[in-house]
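Student: I would like a close look at a single part of this model, with the reasoning laid out step by step. Please take the place where the parts of one chain meet, and then set it in its wider context.

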Amino acid sequence: MTGYLIRRILQSVLVVVLASFVTFLLTDLLPGGPARAILGPRATEQQIQEFSHANGYDRPIPVQYGIWINNILHGDLGYSVKLNQSVGALIADRLPKTMVLMVISIAVALVVAVPLGIYQARRRDTLGDYAVTSLSFLLYAMPGFLVALLLVLVFSTGLGWFSPTAPQTGDVGQILAQGNALVLPVATLALITIATFSRYVRSSVMENLTQEYVRTALANGAGDGRVMVVHVLRNAMIPIATLLGLSLPSLVAGAAITESVFNYPGMGYTFIGEAEVRDYPVVLGIALVVSVATVVGSLLADIAYATLDPRVKYG
Amino acid sequence: MPIPDPAPGEPLAQQDEPARPMWRLVPQILLRNKLAVAGLGVVVFFVLFCFIGPLLYHSNQELANLRTADLPPGSPGFPLGTDDVGYDELGRLMIGGQSALEVGLAAAAIATVFGSLWGAVAGYLGGWVDVIMMRIVDTLLATPGLFLVLLLASIITPTEGLLILVIAFSSWLGPARLVRGETLSLRTRDYVQAVRMMGGGNRRTILRHILPNAIGVIVVNTTFQIADAVLTLAALSFLGFGIPPPHADWGGMLSKGTDFTANDYWWMIVWPGLCIVLIVVAFNFLGDALQDAFEVRLRK
């Protein structure tokens with residue numbers, strides 16, 4: 001197990017390095033390069049060249065990449081000229097906001113999806129099961145922004161219950177104080193996540209209910225409830241644990257589209273906004289953070305799976 | 001106990017039912033699945049709606065007319081309403097659907113072909129070739145799909161062809177992993193060993209034996225790819241990275257609709273949203289049914 005872990009960690013580091021290099025390469029594809037992006041379309045060729053030379057943009061790509069990595073290892077993620085902030089400070093500001101949104105959404109999704117999945121598994125092939133499955137299917141097929149728009153249309157414009165924009169300013173404390181404005185974004189994300197989670201819980205619980213240990217427990221006199229909670233759930237939750245690990249990147253990346261629809265200044269919203277104006281230092285910085293989160297997330301998911309399920313053996 | 005040779009003129013003692021070829025069995029099972037029929041019907045409807053529709057129903061999609069802007073459905077001459085510059089919604093849906101279907105099908109086709117070849121080669125050759133090829137896949141998977149797509153879309157000026165390539169680029173990873181898995185199990189089969197013993201080269205084995213036998217997995221994956229491609233295109237257009245106006249696009253229509261939610265111009269959101277959902281659900285039904293159809297055949 002330790003050997004497997006060490007190999008996985010080393011592989012993960014390699015993957016992050018490669019991913020960062022690919023991202024770096026992509027942003028260099030723009031004609032004119034970062035100099036053009038910063039100086040704007042009216043800069044002359046002369047100015048572009050001077051700026052490039054002064055900032056090292058005319059050096060070979062591997063050298064530029066090396067400098068960027070070196071800076072990162074010293075804690076400097078670059079500087080955003082458009083926003084007049086260091087990328088590090090920007091991420092430190094946006095990341096907590098995204099995390100607040102995502103943690104609340106995933107928590108709500110779990111609280112709803114687990115009982116829902118259990119209900120579906122116990123009452124499989126009844127009308128209730130079909131209804132929930134159809135609804136999940138429908139939600140699955142809807143793009144996130146469509147769910148968001150429909151919610152806004154019905155609950156904000158139509159009924160006037162909630163605000164159509166998420167909390168804009170302030171730190172996490174102030175955001176949480178504006179609960180009313182968080183309802184629709186959280187609802188959007190939670191609905192989509194519930195669709196996936198409940199299907200997993202449903203199939204996982206169904207699979208476990210047919211196992212022999214359930215029959216044994218019932219034969220030993222355990223009640224339905226005890227069997228469900230103490231025995232079945234512990235096993236059925238294993239895939240959910242891996243799912244949670246795999247949702248770590250979304251904690252960091254946020255739901256870019258949902259944040260855009262609700263104008264919520266999180267990581268995803270920032271990424272899209274800065275990508276539109278070609279603000280490469282920010283784009284690279286966020287992409288790097290997201291890559292690391294993705295790799296860590298899948299590593300945690302694998303570890304969780306191997307730890308929770310003693311049947312799994314890794315060579 | 002060995003089966004005795006039949007006397008001349010007698011039929012063989014044991015005859016299996018003649019194996020029905022896959023391309024006849026699969027459609028049979030497919031058509032028995034009502035959801036698949038519904039899905040197929042929806043797809044056919046949309047193909048007709050988007051490509052034949054504009055020939056029969058003429059609407060002005062090029063000249064803005066502010067006098068006919070923001071009309072609700074049911075207004076005379078505009079059965080589904082108009083958008084904020086006066087374009088007829090129904091006509092716009094038809095034309096918008098063209099890019100959705102074209103991009104969806106093309107991107108899925110390219111992603112599937114490229115990804116399947118990649119996966120088959122990696123799985124078949126094994127060794128360090130496999131390791132390198134799959135690490136590349138993992139690297140690309142390390143960036144969440146949307147980010148990758150946005151990154152690419154922000155660099156290029158979008159045309160339909162480039163969008164197809166961008167979407168295909170972020171979706172070939174799925175088929176690659178899938179086909180590699182299939183290949184790993186297929187290459188241990190007897191007929192593959194037989195081909196190699198007869199001197200078949202790698203290329204021949206992969207193209208003529210491995211891939212055709214993985215076709216079930218590939219086809220199922222393709223239908224889901226089409227659905228995903230439609231969703232990705234809608235997301236890109238929604239965020240403004242799609243084909244610029246006056247080109248019509250369901251995602252772009254939704255983007256416009258966002259600006260008017262406060263005015264309660266619901267028709268700008270509901271019609272394109274409905275189209276997207278119907279197409280995606282239809283392809284998902286088809287994919288599920290195909291999965292069942294191929295599995296039944298394998299069970300036999």
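Student: How many residues of domain 1 of chain A are in contact with domain 2 of chain A, and how many residues of domain 2 take part?

Tutor: Since this is a predicted model, I will describe the contact first and come back to the confidence scores at the end. The domain assignment divides chain A into domain 1, covering 2–87, and domain 2, covering 98–308, and the contact between them takes 19 residues from domain 1 and 16 residues from domain 2. On the domain 1 side, the elements that contribute two or more residues are H1(A), helix H2 (33–39) and strand S1 (79–80) of chain A. H1(A) gives the most to this side, with 10 residues. By class, the domain 1 side holds 11 nonpolar, 6 polar and 2 charged residues. The centres of the two domains, taken over C-alpha atoms, are 33 Å apart.

Between the stated bounds of the two domains, the chain runs through helix H5 (residues 87–122) of chain A, and the packing of this helix against H14(A) can be followed residue by residue. The axes of H5(A) and H14(A) come within 8 Å and cross at roughly 130 degrees. An angle over 145 degrees would count as roughly antiparallel, and one of 65 to 115 as roughly perpendicular; H5(A) and H14(A) are therefore oblique to each other. From H5(A), the residues Leu90(A), Arg94(A), Leu95(A) and Thr98(A) meet Met267(A), Gly268(A) and Thr270(A) of H14(A). This contact between H5(A) and H14(A) divides into 3 nonpolar, 3 polar and 1 charged residues.

H1(A) and H14(A) also appear in the contact with the other chain, where both are among the elements that give two or more residues to the side of chain A that touches chain B. That contact takes 38 residues from chain A and 33 residues from chain B. Besides H1 (2–27) and H14 (267–276), the contributing elements of chain A include helix H6 (127–141), helix H7 (144–158) and helix H15 (280–308). H1(A) again gives the most, here with 7 residues, and so the helix that leads the domain 1 side of the contact within chain A also leads the side of chain A that touches chain B. By class, the side of chain A that touches chain B has 31 nonpolar, 5 polar and 2 charged residues.

For the wider setting, chain A has 15 helices and 2 strands, and its C-alpha trace spans about 85 × 60 × 35 Å along the principal axes. Of the 315 residues in chain A, 37% are buried. Among the contacts in chain A with a separation of 6 or more, 70% join residues 24 or more positions apart.

As to confidence, the model scores ipTM 0.73 and pTM 0.78. Chain A has a mean pLDDT of 79, with 94% of its residues reaching 70 or more, while chain B averages 79, with 85% of the residues scoring at least 70. Within chain A, confidence is highest in H5(A), at a mean of 86, and lowest in H2(A), at 70. H2(A) is one of the elements on the domain 1 side of the domain contact. Where pLDDT is low, the predicted coordinates should not be read in detail.

Terms used. Residues numbered from 1 in each chain as written. Chains lettered and ligands numbered in written order. Predicted model: local features only at pLDDT ≥ 70, side-chain atom pairs only at ≥ 80, totals over all residues. Contact = placed C-beta atoms within 7 Å. Helix = DSSP H or I, 4+ residues; strand = E, 2+ residues; numbered from the N terminus. Nonpolar A, V, L, I, M, F, W, Y, C, P; charged D, E, K, R; others polar. pLDDT = per-residue confidence, 0-100. Domains from an automatic or database assignment. Axes fitted to C-alpha atoms, helices over the stretch in contact; angles between N-to-C directions. Parallel < 35°, antiparallel > 145°, perpendicular 65-115°, else oblique. Buried ≥ 20, exposed ≤ 12 C-beta atoms within 10 Å, placed from the backbone.
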